Amino acid sequence: MKEVLRFENVSMHYHTKQGETLAVQDVNFSVEEGEFVAIIGPSGCGKTTLLSLAAGLLAPTKGKVVANEMAFGYMLQKDELFPWRTIEKNIFLPLEIKRKDTPENRARAIALAEKYGLAQFLKSYPSSLSGGMRQRAALIRTLSVDPDILLLDEPFSALDYQTRLSVCDDVYKIIREEKKTALLITHDISEAISVADRVFVLSKRPAKVVAEHPLSFPENQPLKRRENKLFSHWFEILWKELNT
């Protein structure tokens, strides 16, 4: 498989008036094309910093991030849909920002929305949609500019548990069907096991990679994975690694 993202001995220091904080230390990992990678770690360990480094929003203090000119799409913890814009216009927003607002790209974005169950909501405003539907719209918005790699920053954490399971299943299905590469950060062990091809485990701050696990399940859906006996096996392993 083709490698599309690589961290090589990456460290990141933040400088404030109070002093210097080491957020990430000597991190090494890679992501391959079409792969769904999850990074788990305790709250505040530096997970979001890794996504910012991957996207080029931050430059590492040490080491390098190699992205091979990949285009990134960022999906946040909250949907961040603009309440004064319809779902359709929210989906078009990245096209406007990146100056790709052409009839062809709009048609592609609308086709994605229709394919994944948003056809009847395109002229609606975000306030009229459920949390799950809003997050689905946020993903379609991210996909509208056809990114190579999706960066997922705990995208289900703002949802209640039942909705979270359902939306996770939806998002996983869309990413797989659209053949996208995805990098997910989360502190939720169950979430990582349910979607990932590989899981990296981070230490407390400063974040270091303490373990890497390829996951293999016969099922190809998050909810089905949760029902498999391998799920509890992996949960126990990852729980111990996160709490050592």
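## A walk through two sheets and their cores

Start by selecting Leu-150 and Ala-182: Ala-182 in strand S7 is the bridge partner of Leu-150. What you have on screen is a predicted model, so keep that in mind as you click around.

**Stop 1: strands S6 and S7.** Widen the selection to residues 149-153, which is strand S6, and look at how S6 runs parallel to S7 over 5 bridges. Now colour S7, residues 181-186, by burial: 6 of its 6 residues are buried. Show the side chains and you'll see two faces. Thr-181, Leu-183 and Ile-185 point one way, while Ala-182, Leu-184 and Thr-186 point the other way.

Next, add helix H5, residues 161-177, to the view. Together, S6, H5 and S7 form a β-α-β unit, and this unit is right-handed.

**Stop 2: the other neighbour of S7.** Select residues 36-40 for strand S3, which runs parallel to S7 and is joined to S7 by 5 bridges. A handy pair to label here is Ala-38 and Leu-184, since Ala-38 stands opposite Leu-184 in S7.

**Stop 3: the whole six-stranded sheet.** Zoom out. Which order do the strands of this sheet follow? Reading across, you get S5-S6-S7-S3-S8-S9, an open sheet with mixed pairing. At the edges sit S5 (72-75) and S9 (209-214), each pairing on one side only. From one strand to the next, the twist averages 15°.

Go to the S5 edge and pick Phe-72, whose bridge partner in S6 is Ile-149. S5 and S6 run parallel here, joined by 4 bridges. Then swing over to the S9 edge and select residues 229-242. That's helix H8, lying across S3, S8 (198-202) and S9. H8 runs at about 170° to S9.

**Stop 4: the largest nonpolar core.** Select Phe-36, Ile-40, Leu-152, Ile-193 and Val-199. These are the residues with the most contacts inside the largest nonpolar core, which has 49 residues. Which element gives the most to this core? H5 does, with 6 residues.

Keep Phe-36 highlighted and show what surrounds it. Setting aside neighbours within four places in sequence, Phe-36 is in contact with residues including Leu-152, Tyr-172, Ile-175, Ala-182, Leu-184 and Val-195. Arg-176, Asp-197 and Arg-198 are also among the contacts of Phe-36.

Apart from that core lies another, of 27 residues; to find it, select Phe-7, Met-12, Val-24 and Val-27, which are among its members.

**Stop 5: the three-stranded sheet.** Now bring up the other sheet, an open one with the order S2-S1-S4 and antiparallel pairing. S2 (19-32) and S4 (62-66) are the edge strands, each pairing on one side only. The twist averages 20° from one strand to the next. Select S1, residues 3-16, to see the antiparallel pairing of S1 with S2 over 10 bridges. To spot one place along that pairing, label His-15 and Glu-20: His-15 stands opposite Glu-20 in S2.

**Stop 6: helix H1.** Last, select residues 47-54. This is H1, which lies across S1, S2 and S4 and runs at about 120° to S1. Is H1 mostly covered or mostly exposed? Mostly covered: 7 of its 8 residues are buried. Among the buried ones are Lys-47, Thr-49 and Ser-52, along with Leu-50, Leu-51, Leu-53 and Ala-54. Finish on Gly-56, which follows H1 and has a positive phi, near 85°.

Conventions:
Residues are numbered from 1 along each chain as its sequence is written. This is a predicted model: local features need pLDDT of at least 70, side-chain atom pairs count only at pLDDT 80 or more; totals for chains, interfaces and linings use all residues. Side-chain values use heavy atoms; hydrogens and water are left out. Two strands pair if DSSP finds at least two bridges between them. Helices (H or I, at least four residues) and strands (E, at least two) are DSSP runs, numbered from the N terminus. Axes are lines fitted to C-alpha atoms, for helices over the stretch in contact, and angles run from 0 to 180 degrees between N-to-C directions. Contact means heavy atoms within 4.5 Å. Buried means under 20% relative accessible area, exposed over 50%, partly exposed in between (1.4 Å probe, protein chains only). A crossover is right-handed if, with the strands pointing away from the viewer, the path from the first strand over the helix to the second runs clockwise. A nonpolar core is a set of buried Ala, Val, Leu, Ile, Met, Phe, Trp, Tyr and Cys residues joined through side-chain atoms within 4.5 Å.
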